[in-house]
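Colleague: Could you take me on a close look at one part of this model? I'd like the central strand region and whatever sits around it, told in one go.

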Amino acid sequence: MTEAILETRGLVKTYGALRASDGITLDLRPGEIHAVIGPNGAGKSTMIKQLSGNIAPDEGTVHFLGKDVTGLSTMARARMGLARTFQVSALAMEDTVLQNAVLGALGATSSPYRFFRPALKRAELRDRAMAALERMGLAGHAATVVSELSHGQRRQLEVAVALTLQPRAFLMDEPMAGLGGEGSQQLTSILDRLRAEAPILLIEHDMDAVFALADRISVLVYGRIVATGTVDEIRRSPEVRDAYLGDAE
Ligand SMILES: Nc1ncnc2c1ncn2[C@@H]1O[C@H](COP(=O)(O)OP(=O)(O)OP(=O)(O)O)[C@@H](O)[C@H]1O
């Protein structure tokens, strides 16, 4: 079996009597998009926060690149190459596209004295930032202030900022939210290409995007994974239809 890039085993997170994560075991393999779907309140965000390190599980482990990272901070995981995007837009709206990308690249450097680096190093950061912008088709907007970008372009910039981290895996929480049809189609084709760079764990309500992109889908209901399979397997599963898809098709 291919070795997983990211893996959870038996994650449990409780809030009072509520088991928001109830023994979640799943993995993310090289080159894939693994989508996690489920009704509102199923525990998708709680799960992804445990993967990124924003909250600690009560039980269970998270392994990234073969290392147990359960006790590591979000920053330590990010420096290992775990990139989280889209939960809350972290862009500086009054700065330019390039300034945002440079800040992202700066965040990826590990020295605590990074703000005192000589100008020469800054040129490296700038090059890395420009390369990421070029790959997202934003090089022509490098000098544009972020608040002037369209919604879809901001999402592209968020991906570019994540790319400056030279990520080994992406965690994406509802990237299609708030995008119109054209915007989600554009982002869908970007994510489609991005999986070759690093696999993507994708939480998404837009089922068109999920069915178009996912190599595997896991269905989360009341904090438990009730099924994992290919798009066809999940579409055909009566259990999944009952639990989640309902009248979606
Ligand atoms: N900090 C918290 N304190 C108490 N309860 C919480 C907390 N965070 C989440 N919950 C509860 O845990 C459950 C799972 O929430 P979570 O946000 O993970 O679900 P979700 O699947 O991401 O939902 P949505 O699709 O609506 O974003 C919900 O019942 C929620 O009310």
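Modeller: What follows is a walk through one strand, then its partners, then some other parts of the chain.

Bear in mind that this is a predicted model. Let's start with β7, a strand that covers residues 169-173. Five of the five residues of β7 are buried, so the strand is largely enclosed by the rest of the structure. You can see that on both faces: Ala-169, Leu-171 and Asp-173 point one way, while Phe-170 and Met-172 point the other way, and all are buried. Note that Asp-173 is part of that buried set.

Now for the company β7 keeps. The strand belongs to an open sheet of six strands with mixed pairing, and the order is β6-β7-β8-β3-β9-β10. At the edges you'll find β6 (82-85) and β10 (224-229), each of which pairs on one side only. Averaged over the sheet, neighbouring strands are turned by 20° against each other, ignoring direction.

On one side, β7 pairs with β6 in the parallel sense, over four bridges. If you want to check the register, Leu-82 stands opposite Ala-169, and Ala-83 stands opposite Phe-170. Then there's β8 (residues 200-203), and here too the pairing with β7 is parallel and runs over four bridges. Phe-170 has Ile-200 as its bridge partner in β8, and Asp-173 stands opposite Ile-203. So Phe-170 is a handy residue to click on, because it sits opposite Ala-83 in one pairing and has Ile-200 as its partner in the other, within a strand that is largely enclosed by the rest of the structure.

Let's step across to β8. Both faces of this strand are covered: Ile-200 and Leu-202 lie on one side, Leu-201 and Ile-203 on the other, and all four are buried. Strand β3 (residues 33-37) pairs with β8 in the parallel sense, again over four bridges. Val-36 of that pairing stands opposite Ile-203, the β8 residue that also stands opposite Asp-173.

Next along the chain from β7 is a helix worth a look, α6. The helix spans residues 181-194, which makes 14 residues, and reaches 20 Å from its first C-alpha to its last, close to the 20 Å expected at 1.5 Å a residue. Which of its residues are buried? Ser-184, Leu-187, Leu-191 and Leu-194 are. They cover an arc of only 80° around the axis, which puts them on the same side of α6. The background is simple: an α-helix has 3.6 residues a turn, so residues three or four places apart point the same way. On the face turned away from that buried side, α6 carries the exposed residues Gly-181, Glu-182, Ser-189 and Arg-193.

There's a second sheet too. This one is open and has four strands in the order β2-β1-β4-β5, with antiparallel pairing. At its edges stand β2 and β5 (67-68), each with a single partner strand, so one side of each is left without a neighbour in the sheet. Strand β1 (residues 6-15) runs antiparallel to β2, and eight bridges join the two. In that pairing, Thr-14 stands opposite Arg-19.

That edge strand brings us to the ligand. The residues around the ligand are Tyr-15, Leu-18, Ala-20, Gly-38, Asn-40, Gly-41, Ala-42, Gly-43, Lys-44, Ser-45 and Thr-46. By class, that shell has four nonpolar, six polar and one charged residues. Both β2 (18-28) and α1 (44-52) supply at least two residues of the shell, with α1 giving the most, at three.

For contrast with the buried strands, take two residues elsewhere. Asp-242 is found in helix α9 (residues 238-245). Why does Asp-242 count as exposed? Asp-242 has 11 other C-beta atoms within 10 Å, and the cut-off for exposed is 12 or fewer. Its C-alpha atom is separated by 22 Å from that of Leu-26, and the two are 216 residues apart along the chain. His-141 is found in the loop between α4 (119-135) and α5 (151-163). With 19 C-beta neighbours inside 10 Å, His-141 counts as partly exposed, because a residue needs 20 or more to be buried. The C-alpha atoms of His-141 and Thr-96 are separated by 8.5 Å, with their positions 45 residues apart along the chain.

Key. Residues are numbered from 1 along each chain as its sequence is written. This is a predicted model: local features need pLDDT of at least 70, side-chain atom pairs count only at pLDDT 80 or more; totals for chains, interfaces and linings use all residues. Two strands pair if DSSP finds at least two bridges between them. Axes are lines fitted to C-alpha atoms, for helices over the stretch in contact, and angles run from 0 to 180 degrees between N-to-C directions. A residue is near a molecule or strand if its C-beta atom, placed from the backbone, lies within 6 Å of it. Ala, Val, Leu, Ile, Met, Phe, Trp, Tyr, Cys and Pro count as nonpolar, Asp, Glu, Lys and Arg as charged, and the others, Gly among them, as polar. The expected span of a helix is 1.5 Å times one less than its number of residues. The arc is that of the directions from the helix axis to the C-beta atoms.
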